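The following report describes selected local features of one protein chain. Please read it alongside the sequence and the model.

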Amino acid sequence: MTAPWFVPVGERPGGRIRLYTFPNAGSGPASLTDLAERFPDEVDVWSVNLPGRQARLAEPPVEDLDALVDDLARDLLANAREPYALFGYCSGALLAYLVCRRLTELAPASGPDRSGERWPERLLVGSFAAPDVTLLLRRLPSLPSWLFWDQLIELGGVPAEVAEREVLRPILEPALRADFGMLARYRHRQGPPLPVPVTVLYGSRDGSMSRGGLLGWRRQSVSRPSMRELDASHWLAEETPDLLATVIAEEIGCVSVTA
C-alpha cells in the first residue's frame, strides 16, 4: 500500500480550516508536532509525509523536485479538505510555494466555472527569502559526510538539537542530502504572481535573512504580502512555538489561540 503524501500531526476533525505544513530540510511530520499542539481547535494541522524519513524511512528520498511538486499538488487537488492553507518552514517554504503555484496551474483545468476553488486560502512562508533571490547551497550536497555536517552546522542549516545529536547523523543524512540536493538544483522560473495571499514570517534576530530577500515575496503574489516579525532567530518553531502558532492562526482567521 502506498503511503499517503500528507498525514495528520494535530488532527482536529471539527476544525474550520486545515493547515498543510512543509517542514525544513530533512525533517518529517513529527518535527512540527509541538507547534501543531499550540493551535486552537479551529485549525486541523497536517504535514507533508516525504519518503526517506520517519514512517517512510525505508523508502529512498525523492530527488526530482518537479515530479514531487506535481505529485503533491495533484494529491491536494484530489484530497484536500477545504478551506485550507499552506505553511512552509525554512526550506520547506520553497516546496510549499512551488506546490501552491502548481495548484493554481492545475485548478483551471476543472472548468471555467470552478477555476480557483481548490486553491489554498493563504500561503505562509517562514524563515525563507523569496524564491527568485534566495541563496541556495549549491555545493553542500556533494561534500563528504564530515564536511557536509560541518558546513550544515556552521551555516545554521539544522536546529541546534539536531546538530548536537551526532548518533542520529547516519539516519538523517540521506534525507538531508536529498532535500538540499533538490534545493541546489532549483532554478527559478518567472511566472505570473500567485492569485493567493502570502504571509512572510521571520525572526527579528535571524542574521541569515535580508530585508530585501523577505520583501521579495511581494513579487510572488497579486496581493501585498503580510510581513510578520517574531522575536526569534531563524528557528521560529523551535524557539517560539506559541507565538508562531498565534500569528499563523491570526493570518488564517482563527484568533482564539490556546495558551
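Over which ring does the charged end of Arg177 sit? The charged end of Arg177 is placed over the ring of Phe148, 4.4 Å from the ring centre. A charge sits over a ring if NZ of Lys or CZ of Arg is within 6 Å of the ring centre and within 35 degrees of the ring normal. Arg56 likewise lies over the face of Trp5, at 5.1 Å from the centre of that ring.

The model is predicted: local features need pLDDT of at least 70, side-chain atom pairs count only at pLDDT 80 or more, and totals for chains, interfaces and linings use all residues. Residues are numbered from 1 along each chain as its sequence is written, and side-chain values use heavy atoms, with hydrogens and water left out.

**Strand β2 and its partners**

Helices (H or I, at least four residues) and strands (E, at least two) are DSSP runs, numbered from the N terminus. Buried means under 20% relative accessible area, exposed means over 50%, and partly exposed is in between (1.4 Å probe, protein chains only). Strand β2 covers residues 17-22, and because six of its six residues are buried, the strand is largely enclosed by the rest of the structure. In a regular strand the side chains alternate between the two faces of the sheet. In β2, Ile17, Leu19 and Thr21 point one way, while Arg18, Tyr20 and Phe22 point the other way, and all are buried.

Two strands pair if DSSP finds at least two bridges between them. β2 is joined by five bridges to strand β3 (residues 43-48), and the two run parallel. Five bridges also join β2 to strand β4 (residues 84-89), again in parallel. Within these pairings, Arg18 has Asp44 of β3 as its bridge partner, and Tyr20 has Leu86 of β4.

**Asp44**

Asp44 belongs to strand β3 and, at 1% relative accessibility, counts as buried. A polar atom of the Asp44 side chain lies 2.8 Å from the backbone nitrogen of Arg12. Contact means heavy atoms within 4.5 Å. Leaving aside neighbours within four places in sequence, Asp44 is in contact with Gly10, Glu11, Arg12, Pro13, Ile17, Arg18, Leu19 and Arg81. Among these residues is Arg18, the bridge partner of Asp44.

**Aromatic pairs**

Rings of Phe, Tyr and Trp (its six-membered ring) pair if their centres lie within 6.5 Å; planes under 30 degrees apart count as stacked, over 60 as edge-to-face and the rest as tilted. By this rule the count comes to eight aromatic pairs. One of them is formed by Phe6 and Tyr20, which are edge-to-face at 5.2 Å centre to centre with 75° between the planes. Phe6 lies in strand β1 (residues 6-10) and Tyr20 in strand β2, so this pair ties together parts that are 14 residues apart in sequence. Phe6 is buried at 5% relative accessibility, and Tyr20 is buried with a relative accessible area of 3%.

The rings of Tyr97 and Trp217 have centres 5.7 Å apart and planes at 75°, so this pair is edge-to-face. Tyr97 lies in helix α3 and Trp217 in the loop between α7 (211-215) and β7 (226-230), so the pair ties together parts that are 120 residues apart in sequence. Both rings belong to buried residues: Tyr97 has 1% relative accessibility, and Trp217 has a relative accessible area of 0%.

Ring pairs also link Phe6, Tyr20, Phe22, Trp46 and Tyr84 into a cluster.

**Backbone features**

The table lists residues with positive phi.

| Residue | Phi | Place |
|---|---|---|
| Gln54 | near 50° | loop between β3 and α2 |
| Cys90 | near 55° | loop between β4 and α3 (92-106) |
| Gly253 | near 85° | following α9 |

Gln54 is partly exposed, with a relative accessible area of 39%, whereas Cys90 is buried, with a relative accessible area of 12%. Helix α9 (residues 241-251) has as its buried residues Pro241, Leu244, Ala245, Val247, Ile248, Ala249 and Glu251.

Which peptide bond is cis, with omega near -5°? The bond in question runs from Glu82 to Pro83. Pro83 is found in the loop between α2 (65-79) and β4.

Note on methods:
Polar contact = N/O pair within 3.5 Å; in protein donor to acceptor, adjacent residues only side chain to side chain.
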